[in-house]
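Below are some comments on the model you sent, set out as numbered points. They deal with the aromatic rings and then with the contact between the chains.

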Amino acid sequence: MTVGPTAFMALAGVLFCIGLFGALTKKSAVMVLMSLELMTNAVNLNLVAISRFMTPAS
Amino acid sequence: MPDSVAVVPFVILAALAVGGGAMMVLTRNVVHAAFWLLEVMMAVSGLFMLLSAGFLALIQMMVYAGAVSVLVLFTVMLTLRRREDAERSLDLSWSAGLIALGVFVAVGAAVVSFVPAVVTAPALTPGVAEFGRTLFTERALPFEIASVVLLIALVGAVWWAGGDDR
């Protein structure tokens with residue numbers, strides 16, 4: 001059983017939306033900063049997954 | 001390289017990451033939230049290693065799990081006067097939940113309908129040695145620009161925190 005790029009992109013989307021929810025709701029500035037860190041991590045994960053699974057057309 | 005990865009470590013790491021993120025948003029204590037964020041960072045580092053990006057996994061461990069979480073904990077513990085101040089209200093709102101859910105539906109639709117132009121996986125993983133050689137030869141200019149930007153940020157932070165006698 002293996003998983004492809006779609007699963008990683010879906011996971012990155014879930015993490016991004018959790019971070020977005022936190023960044024929109026929290027009133028404490030530190031919590032907003034931590035939610036933004038979560039969102040950047042989701043974007044990084046997406047970039048790494050795409051670079052692992054796909055070759056750019058040269 | 002094969003064009004897919006094993007499902008068992010992916011499911012374990014994904015559950016750790018999503019559960020840690022949800023606990024980070026749902027906990028009341030800021031210090032607990034910082035530790036949940038640390039757990040999410042370590043799970044994402046494991047996912048990087050699963051994606052054969054060992055250098056990025058190492059950098060994720062050093063920068064996020066090492067530096068950023070320590071920075072957040074320092075910020076929290078230096079700004080709180082009393083231990084009870086770490087407890088915050090939960091601050092949940094329906095409108096923000098609807099916005100996040102809408103973004104998730106849009107992202108999910110985009111992921112499901114995503115058709116890459118070239119689906120073949122790269123032939124081999126570039127190692128740390130090739131990465132360093134590329135970074136210091138043909139990508140030297142972006143590297144230097146990034147270092148200058150970091151230097152400007154450092155000087156600006158020192159100037160900004162310089163006190164009243166500037």
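1. Ring pairs join F8(A), F53(A) and F10(B) into a cluster. Please keep in mind throughout that this is a predicted model.

2. Over all chains, the structure holds 4 aromatic pairs. One of them is formed by F55(B) and F131(B), whose rings are tilted, with 5.0 Å centre to centre and 50° between the planes. This pair links distant parts of the chain, since F55(B) belongs to helix 3 (residues 54-79) of chain B and F131(B) to helix 5 (residues 128-136) of chain B, 76 residues apart.

3. Are the two members of that pair buried or exposed? F55(B) counts as partly exposed because its relative accessibility is 30%, and F131(B), at 38% relative accessibility, likewise counts as partly exposed.

4. Turning to the interface, 42 residues of chain A are in contact with 56 residues of chain B. The area buried between chain A and chain B is about 4,200 Å², and carbon and sulfur atoms give 77% of this area. F21(A), M34(A) and R52(A) supply 16% of the area that chain A buries against chain B, which is more than any other three residues.

5. As for polar interactions, the rule finds 0 salt bridges across the interface of chain A and chain B, while 4 residue pairs, both residues at pLDDT 80 or more, are in polar contact between these chains.

6. On the side of chain A that touches chain B, the elements giving two or more residues are strand 1 (2-3), helix 1 (5-25) and helix 2 (29-53) of chain A. Helix 1 of chain A gives the most, with 17 residues. By class, this side of chain A has 25 nonpolar, 13 polar and 4 charged residues.

Conventions
Residues are numbered from 1 along each chain as its sequence is written. Chains are lettered from A and ligands numbered from 1 in the order in which they are written. This is a predicted model: local features need pLDDT of at least 70, side-chain atom pairs count only at pLDDT 80 or more; totals for chains, interfaces and linings use all residues. Side-chain values use heavy atoms; hydrogens and water are left out. Rings of Phe, Tyr and Trp (its six-membered ring) pair if their centres lie within 6.5 Å; planes under 30 degrees apart count as stacked, over 60 as edge-to-face and the rest as tilted. Helices (H or I, at least four residues) and strands (E, at least two) are DSSP runs, numbered from the N terminus. Buried means under 20% relative accessible area, exposed over 50%, partly exposed in between (1.4 Å probe, protein chains only). Contact means heavy atoms within 4.5 Å. Buried area is the accessible area (1.4 Å probe) that two parts lose on being put together, summed over both. A salt bridge is a side-chain nitrogen of Lys or Arg within 4 Å of a carboxyl oxygen of Asp or Glu. A polar contact is a pair of N or O atoms within 3.5 Å; within protein, one must be able to donate a hydrogen and the other to accept it, and residues adjacent in sequence count only if both atoms are side-chain atoms. Ala, Val, Leu, Ile, Met, Phe, Trp, Tyr, Cys and Pro count as nonpolar, Asp, Glu, Lys and Arg as charged, and the others, Gly among them, as polar.
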